[in-house]
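Dear colleague,

I am handing over the structure we spoke about, and I would be glad if you could look through it with the notes below at hand.

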Amino acid sequence: MRRFVGLVLIIRVFHAYGALISLATGDWVTATLACVSAGAMVGGICFRNFSAPRLCGAMILQSLGPTIPGALIAGQLLMLVRFFQIPMYLAAMTMACFKLNRMLIATMRAERENDRRARHDELTGLANRAGPVGALDERLSLPGRNETLALLYLDLDGFKSVNDTHGHAAGDRLLESVAERMRGLLRDGDLPARLGGDEFVVLAADRTAEEAAEFGRRLIEAIGAPHDLGWGTSARIGVSIGIAMAPEHGRRSGDLLRAADAAVYQAKFDGGSRCHAASGDELARLRRLASRGVAEPARRTVAA
């Protein structure tokens, strides 16, 4: 690639100085063709290299610059027009390169921001539902995979009462605080996400069932500590956690999410602020419903 770029630059140099020699010799047919060709090259330079505007400006100057002294050497009054015209043309095309470059950067930033918003929760900065689902499907589909994955489904206990008592701004601050505490307990390879409302998940990599349960208990302890809501107000909440293991509880993201969600319901039913691992009986019930084409009933509300 470097050799190709070097060859192009050498050809451009010979072309530019060919225009200079044509002007100096006074052969106006050759000089006109050479100058028109050099001017045409500028358009290609501008539209192909505007991602590097300074390089683009240098290449434009290299292509047309030699025609300026050539116009002086020619000693013709008409060439003085070219002597003054070329610098303005060089400046205008270089400015066009910088403008196109700014437009390119703005477009790339907008695309990156749109992609970030599509993949992340705007409030907490965590991944949204697509993050762990995609990661699960990707990891579970790897041939010869021997990694143990744990999916922890978190449902806050008492969040609604905080939201109703202190307002939505305090509720948002509480969710941000929960996300910060979750991040503080993660290991490399773990993926936290907010599914929506007061529900979160963590895809924990390379953990046994016992390690996942211990991780869940540390999450309960951290999230259960008082949260500063601002304006001199604090609140305490709990969190119920359901744990599903891959591949024991499923080989697809949907199966694992359903198993973990069912385990969360059981944790809430048992009093909340505790971990519950997906059980074989509950998984068998879910599979029977799926085989009959019956959707899983919505989780009932259990008082925290």
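What follows is an account of what was found, going from the whole chain to the sheet, the helices and two individual residues.

Please bear in mind throughout that this is a predicted model. The protein chain holds 11 helices and 7 strands, and of its 304 residues 39% count as buried. Its accessible surface comes to about 17100 Å², with 58% of that belonging to carbon and sulfur atoms. If one takes the contacts between residues at least 6 apart in sequence, 68% of them join residues that are at least 24 apart.

The sheet is a convenient place to begin. It is an open sheet of 5 strands in the order S2-S3-S1-S6-S7, and the pairing is mixed. Its edges are formed by strand S2 (191-196) and strand S7 (275-277), each of which pairs on one side only, while the twist from one strand to the next averages 20 degrees. As background, strands of a sheet pair through backbone hydrogen bonds, either parallel or antiparallel. Here strand S1 (residues 149-157) and strand S3 (residues 199-205) run antiparallel and are joined by 7 bridges; to find your way along this pair, you could start from Ala150, whose bridge partner in S3 is Ala204.

Two helices should be viewed together with the sheet. Helix H8 (residues 168-184) lies across S1, S2 and S3, and its direction is at about 10 degrees to S3. Helix H10 (residues 253-269) also packs on the sheet, where it touches S1, S3, strand S6 (238-246) and S7, and its direction makes about 145 degrees with that of S6.

Helix H8 has a helix partner as well. Two packed helices are described by the angle between their axes and the distance between the axes. For H8 and helix H9 (residues 209-224), the angle is about 140 degrees and the axes are 10 Å apart, which makes H8 oblique to H9. The crossing of H8 past H9 is right-handed, and the residues that meet there are Val178, Arg181 and Met182 from H8 with Leu219, Ala222 and Ile223 from H9.

Is Gly184, which lies in helix H8, buried or exposed? Gly184 counts as exposed, because its relative accessibility is 61% and the cut-off for that class is over 50%. Between Gly184 and Leu219 there are 9.7 Å from C-alpha to C-alpha, although the two are 35 residues apart in sequence.

A smaller feature is the hairpin formed by S4 and S5, which has 2 residues between its strands and, in the turn, Trp231 with a positive phi of about 55 degrees. Strand S4 (residues 227-230) and strand S5 (residues 233-235) run antiparallel and are joined by 3 bridges, with Asp228 standing opposite Ser234 in S5.

Which residues does His166 contact, once its neighbours within four places in sequence are left aside? They are Leu229 and Thr233. His166 itself is placed in helix H7 (residues 159-166), and its C-alpha atom is separated by 8.8 Å from that of Leu229, which is 63 residues away along the chain. With a relative accessible area of 37%, His166 is partly exposed.

With best regards

Definitions and conventions: Residues numbered from 1 in each chain as written. Predicted model: local features only at pLDDT ≥ 70, side-chain atom pairs only at ≥ 80, totals over all residues. Heavy atoms only, no water. Pairing = 2+ DSSP bridges. Helix = DSSP H or I, 4+ residues; strand = E, 2+ residues; numbered from the N terminus. Axes fitted to C-alpha atoms, helices over the stretch in contact; angles between N-to-C directions. Contact = heavy atoms within 4.5 Å. Buried < 20%, exposed > 50% of the residue type's maximum accessible area, 1.4 Å probe, protein only. Areas by Shrake-Rupley, 256 points an atom, 1.4 Å probe, with all protein chains shown as cover. Parallel < 35°, antiparallel > 145°, perpendicular 65-115°, else oblique. Left-handed = near helix turned anticlockwise from the far one by under 90°.
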